[in-house]
Amino acid sequence: MTTQSIIHKEIIIKGHVQGVGFRVNAKRVAESMKVQGQVKNLLDGSVWIMAEATPENMENFISWCKSGPAMAVVKEVNVTDGEVQHIKGFTILYS
């Protein structure tokens, strides 16, 4: 079995993404795709995600973020690289 490297991304999703179950669905999708991280709503109405996964799983997760759950209207997704923090699990943060 080969080990794949883990990458770290911070993702900001803008649009109609709060009040539509984005965080709960992001957690469900992330867990099914073996993505570790955190998600929270931001005061400006966007959703912030910190995620760690293999490059392939990350690509699939980011693709999901571009549409989100059924009621979401995603207008913009900004992705930045970060330092791997070896996060375990996927947590919804409430500010």
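Me: Here's the cut-off I'll use: a residue over 50% relative accessible area is exposed, and one under 20% is buried. Is Val-24 buried or exposed?
Reply: This is a predicted model, and Val-24 sits in helix α1 there. Its relative accessible area is 54%. Exposed means over 50%, so with 54% Val-24 counts as exposed.

Me: Which other exposed residue does the face of α1 turned away from its buried side carry?
Reply: Val-24 is one of the exposed residues on the face of α1 that points away from its buried side. The residue listed along with Val-24 on that face is Ser-32.

Me: How far apart are the C-alpha atoms of Val-24 and Val-47?
Reply: Along the chain, Val-24 and Val-47 are 23 residues apart. In space, the separation between their C-alpha atoms is 12 Å.

Me: Within what arc do the buried residues of α1 fall?
Reply: The buried residues in α1 are Phe-22, Ala-26, Val-29 and Ala-30. They line one face of the helix, because, looking down the axis of α1, they fall within an arc of 100°.

Me: Which elements do the buried residues of α1 pack against?
Reply: One of the partners is a helix, α2. The strands are β1 (7–16), β3, β4 (73–82) and β5 (90–92). In chain order, then, the list reads β1, β3, α2, β4 and β5.

Me: At about what angle do α1 and α2 pack?
Reply: Helix α1 covers residues 22–32 and helix α2 covers residues 55–65, and their axes are 11 Å apart. The two helices pack at an angle of about 155°. Over 145 degrees counts as roughly antiparallel, which means α1 is roughly antiparallel to α2. The crossing is right-handed, and the angle asked for is about 155°.

Me: Which residues in α2 meet α1?
Reply: On the α1 side, the residues in this contact are Phe-22, Asn-25, Ala-26, Val-29 and Ala-30. Sorted by class, the contact of the two helices has 7 nonpolar, 1 polar and no charged residues. The α2 side is made up of Phe-61, Trp-64 and Cys-65.

Me: What arc do the buried residues of α2 cover around the axis?
Reply: Met-58, Phe-61, Ile-62, Trp-64 and Cys-65 are the buried residues in α2. Their cover includes β1, α1, β3, β4 and β5. These buried residues are on the same side of α2, because the arc they cover around the axis is only 155°.

Me: Is Glu-56 buried or exposed?
Reply: Glu-56 belongs to helix α2, and together with Glu-59 it is on the face turned away from the buried side. Its C-alpha atom is 9.9 Å from that of Ile-7, a residue 49 places away along the chain. The relative accessible area of Glu-56 is 52%. The cut-off is over 50%, so Glu-56 counts as exposed.

Me: Which residues does Thr-54 touch, not counting those up to four places away in sequence?
Reply: Thr-54 is in the loop between β3 (47–53) and α2. It counts as buried because its relative accessibility is 12%. Leaving out the sequence neighbours up to four places away, Thr-54 touches Gln-4, Ser-5, Ile-6 and Ile-7.

Me: How far apart are the C-alpha atoms of Val-20 and Ala-72?
Reply: Val-20 is in the loop between β1 and α1, and at 12% relative accessible area it is buried. Beyond its neighbours within four places in sequence, Val-20 is in contact with Pro-69, Met-71 and Ala-72. Ala-72 is 52 residues away along the chain, and the C-alpha atoms of this pair are separated by 5.8 Å.

Me: What is phi of Lys-34 near?
Reply: Lys-34 comes just after α1, in the loop between α1 and β2 (36–41). Its relative accessible area is 62%, so it is exposed. Most residues other than glycine have a negative phi. Lys-34 isn't a glycine, yet its phi is positive, near 60°.

Me: What is phi of His-86 near?
Reply: His-86 is in the loop between β4 and β5. With 59% relative accessibility, it counts as exposed. His-86 is a residue other than glycine with a positive phi, and the value is near 55°.

Note on methods. Residues are numbered from 1 along each chain as its sequence is written. This is a predicted model: local features need pLDDT of at least 70, side-chain atom pairs count only at pLDDT 80 or more; totals for chains, interfaces and linings use all residues. Side-chain values use heavy atoms; hydrogens and water are left out. Axes are lines fitted to C-alpha atoms, for helices over the stretch in contact, and angles run from 0 to 180 degrees between N-to-C directions. Helices (H or I, at least four residues) and strands (E, at least two) are DSSP runs, numbered from the N terminus. Angles under 35 degrees count as roughly parallel, over 145 as roughly antiparallel, 65 to 115 as roughly perpendicular and the rest as oblique. A crossing is left-handed if the near helix is turned anticlockwise from the far one by less than a right angle, and right-handed if clockwise. Contact means heavy atoms within 4.5 Å. Ala, Val, Leu, Ile, Met, Phe, Trp, Tyr, Cys and Pro count as nonpolar, Asp, Glu, Lys and Arg as charged, and the others, Gly among them, as polar. Buried means under 20% relative accessible area, exposed over 50%, partly exposed in between (1.4 Å probe, protein chains only). The arc is that of the directions from the helix axis to the C-beta atoms.
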